[in-house]
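Please open the model in your viewer and keep the sequence panel beside it, since each stop on this tour begins with a selection. Take the stops in order.

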Amino acid sequence: MKLQQLTPHVWGGSVWLPVPVMIWFVKEEEGITLVDGGVLPMWEGVRKALQETFAGLPLRRVLLTHGHQDHIGILPPLIEAYPEVPILVHSEEIPFLTGSRSYRSLREGVWARYAPPVPEEKLTALRPEASYAGLQPYWTPGHSPGHTVFYHEADDILLAGDLFTRYFGRLQRPIAGFTADMDLSLRSGSILEKLKPKYTASAHLGVTRDAHLQYARLLPPLLAGR
Ligand SMILES: [Zn+2]
C-alpha cells in the first residue's frame, strides 16, 4: 500500500491490485480515524501505517462510506487486532454489512461480490449531525442505500467513497454495474455544488481538484436541466 499525505490532516492509502482502491487516514491530536476498509491485501500496509507512520496515536474509529466488498476488506483482521474500535456506517447500510440483506436485491442485474458478514454488535450507526475527527458525514444514497461521504472542512477535502470515480484524469460517474440507482447517486452528487470542496478524493482512485466544476458534465440531460 502506498501512503501519501493529501492535506494537513488526511493521508491516502492506495493499492492497484486486485483493483485500484484508496482509503484514508485522518490524523488529529487524539488519534487516527480510518475512512473505509479497502481490500484485504491492504491490511499489512494499514497495520504498518498505524504502528509506524502514526506511532503513538491510537486508532479511534473506522468510518465506512458503504459496505461493498472493496470497502470493507480489512475489517476481519482489523476487528481482531482492534476489538474495541467502533466501526461507524449509515444505518441504511447496516443490514447489507451483517448479511441480512443482499446488494443483489436492490436492482435486477446489479453486481455484488461476496464479503464476509460483519457481526452486528461491531457496527454503530452514524449520527448525521455529528462530526468525527473534523469530518462531517453527508448521506449520499444511490450507489448503495446508505452511501455516505465525509467532508473535512478545515482541509477542504471531500472523502467521496464511490459517489464518483476518477479515471482518464477526470471526475467520472460511479461504476454502473455496482451502482444500485445511478440517477439517485448523480443527484446525491450535487453535494459538490453545496460544499464546493477544493479536493474530492474517490476510492477508485484519486483526488480531483474543484470537482464541482466537472459535476454537470456527468449528468444526463434530464437531471442537468433540473
Ligand atoms: Zn461501491
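Begin by selecting F178 in this predicted model, a residue that counts as buried because its relative accessible area is 17%, below the cut-off of 20%. Now add W111 to the selection, which at 48% relative accessibility counts as partly exposed. A search of the whole structure finds six aromatic pairs, and W111 and F178 form one that is edge-to-face, with 5.2 Å from centre to centre and 90° between the planes. If you trace the chain from these two rings, you will find that the pair links distant parts of it, 67 residues apart. W111 lies in the loop between α3 (94-98) and β7 (123-125), while F178 lies in the loop between β12 (170-172) and α4 (182-188).

Next, select Y167 and F168, which form another aromatic pair in the edge-to-face class, with 5.2 Å between the centres and 75° between the planes. Colouring by accessibility is useful here, as Y167 counts as partly exposed at 43% relative accessibility, whereas F168, at 76%, counts as exposed. For a further stop among the rings, select W11, F25 and F54 together, which ring pairs link into a cluster.

From the rings, turn to the strands and select residues 199-202, which make up strand β13. Which way do the residues of β13 point? Y199 and A201 point one way and T200 and S202 the other, and all of them are buried.

Keep β13 selected and add strand β10, residues 157-159, which runs parallel to β13 and is joined to β13 by three bridges. Within this pairing, look for L158, which stands opposite T200 of β13. Then add strand β14, residues 206-209, which pairs with β13 in the antiparallel sense over four bridges. Here the bridge partner of S202 is G206 in β14, and, with three residues between the two strands, β13 and β14 form a hairpin.

For the last stop, select residues 20-204, where UniProt, in an unreviewed entry, places the feature "domain: Metallo-beta-lactamase". Over this range the chain is 19% helix and 25% strand, and if you pick out the C-alpha atoms at the two ends, you will find them 6 Å apart.

Conventions
Residues numbered from 1 in each chain as written. Predicted model: local features only at pLDDT ≥ 70, side-chain atom pairs only at ≥ 80, totals over all residues. Heavy atoms only, no water. Buried < 20%, exposed > 50% of the residue type's maximum accessible area, 1.4 Å probe, protein only. Pairing = 2+ DSSP bridges. UniProt positions renumbered as here; feature names shortened; annotations may be inferred. Phe/Tyr/Trp six-rings, centres within 6.5 Å; stacked < 30°, edge-to-face > 60°.
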